[in-house]
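Colleague: I should like to learn how to read a model of this kind. May we go through the features one at a time?

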Amino acid sequence: MYKVETRDVNLFYGNTHALKNVTMGILEYQVVAMIGPSGCGKSTYLRLFNRMNDMIDGVRIEGEVLLSGKDIYNGGTRVEEIRKKVGMVFQKPNPFPKTIFENVAYGLRINGISNKKFIEETVERSLKQAALWDEVKDELKKSALALSGGQQQRLCIARALAVEPSVILMDEPASALDPISSAKIEELIWELKKKYTIIIVTHNMQQAARVSDKTAFFYLGELIEFNDTKELFMNPKHERTQNYITGRFG
Amino acid sequence: MTTHLDTELDRLKNEIEEMGSLVRNQLGKSIDAFIGAKKELAKEVLFQERRVNAEELKIDRDCENIMVLFNPVAIDLRLVFAAFKINSHLERMGDHAKGIAAYASKLTKPYAAELLTPLQLREIVDHIDDMIASNLRAFKDADTSSAREIFRHDDRLDEWNKKAITVIGDYIRNHTDEVEGMLNLASVVRKMERIGDLNKNIAEEIIFYVEANVLKHEKEKI
């Protein structure tokens, strides 16, 4: 069974048909990269899985979006529950104006957890998983805003991990970072895939090739090609994919 | 839309073509020198070998630069891989031409006509030259049907090699005082057969570049 799956999904922003009959399945512990030109629907597709598109006025979604086999758009599913299972990391690091510790503890607290020892252990574990612990363990009470961009992004990943999701969505997580910080995020993705299913949107083709098991190429709202990353970058089956990844698009 | 990468890849293809022309020239001259015992021509081939080596290093460098600066993928990546290997195969052909020229430079007189006529060295070298030319065109035009023809041409060379060894063996039996010269001749035949194999390797690289099919060690797929 797929960890996350879409079946014949169509999404409309008003009259704009942003996703067209997208059917795709992602196995547990896979890293899947979404690539395609701006406006192709890859971020829209990513946001299906934590229902972030719901907040956009005039959006209409058809088809099925399944998380662990369960349709997350049917009436009985609470958005808060989905977002506990599906964490998200955005392009620009967005730490809260709080301490490093409180940033990571935030998700636990709003979920009603108050056990101090449990929170401390979870914060430490999450920061270790996000490969940030060694750099911040002596200054957990410092403002998160004092961290570098790369550290802030790893803090946001730690914050997402603290509530123990099973899926992590990453929307251009390294595009605002310098090459060293970007490499750390990529290393982190390699570590995290042992425990999480990861879907990453990236404009950086080399990054997609390095971090993902499978790659999906979107164009004008359609899923053009979805294949093993090595195969897609070595021998794409569709001319559009080849034109895009070789930089001969349009 | 022509990209900067397209320009570099076209340049790489042109360089492979030039390398191929150089090697064809070397091979033709080395056999002429060998058949006619022309020492000066043999020396020219030995001298020109430096150019072949220099060209090989230049193409290697250009392949590396494209890899580093452009991070090619898909057909572009396969083209660079193929060019890198074709370059190496052509250089090996150049080495064989040099080896033939080295034997030629030591000849004091041409081999007997009764031996050279049945061996058909000139015809075979023309056949090899056609194979190289055809491969170079196929690489430039991304033409895999021409590349596949090379395998058929190589079969003819394999047959010729077997016959040539028989001819040389028979000659040795009747001319036991000429064994050393016959061993050199057998070595030249062997080098030509190896050049045929290298042409086959080049054809495999062209098919990999265009179709992403790996034919190496997979004769049944040809």
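**Strands and the chain contact**

Modeller: The model is predicted. Let us begin with a hairpin: that of β4(A) and β5(A) has two residues between its strands, and A:Ser68 there takes a positive phi near 50°.

Colleague: How many bridges join β4(A) to β5(A), and how do these strands run?

Modeller: Two bridges join β4(A) to β5 (residues 70-71) of chain A, and the strands run antiparallel. In this pairing A:Leu66 is opposite A:Asp71.

Colleague: Which strand is joined to β4 (residues 59-67) of chain A by eight bridges?

Modeller: That is strand β1 (residues 4-13) of chain A, running antiparallel to β4(A). A:Thr6 faces A:Val65 of β4(A) across the pair.

Colleague: How should one describe the size of an interface?

Modeller: It is often expressed as the accessible area that is lost when the parts come together. Here, chain A and chain B bury about 1,000 Å² between them, with carbon and sulfur atoms giving 55% of that area. The contact draws 12 residues from chain A and 15 residues from chain B.

Colleague: How many salt bridges are counted between chain A and chain B?

Modeller: The count is two salt bridges. One of them links the side chains of A:Arg248 and B:Asp6, at 2.5 Å from N to O. Between the chains there are also four residue pairs in polar contact, both residues being at pLDDT 80 or more.

Colleague: Which helices of chain A each supply at least two residues of the side that touches chain B?

Modeller: They are α9 (229-234) and α10 (239-245). The residues on that side of chain A comprise five nonpolar, six polar and one charged.

Notes:
Residues numbered from 1 in each chain as written. Chains lettered and ligands numbered in written order. Predicted model: local features only at pLDDT ≥ 70, side-chain atom pairs only at ≥ 80, totals over all residues. Heavy atoms only, no water. Contact = heavy atoms within 4.5 Å. Buried area = accessible area lost by both parts, 1.4 Å probe. Salt bridge = Lys/Arg side-chain N within 4 Å of Asp/Glu carboxyl O. Polar contact = N/O pair within 3.5 Å; in protein donor to acceptor, adjacent residues only side chain to side chain. Helix = DSSP H or I, 4+ residues; strand = E, 2+ residues; numbered from the N terminus. Nonpolar A, V, L, I, M, F, W, Y, C, P; charged D, E, K, R; others polar. Pairing = 2+ DSSP bridges.
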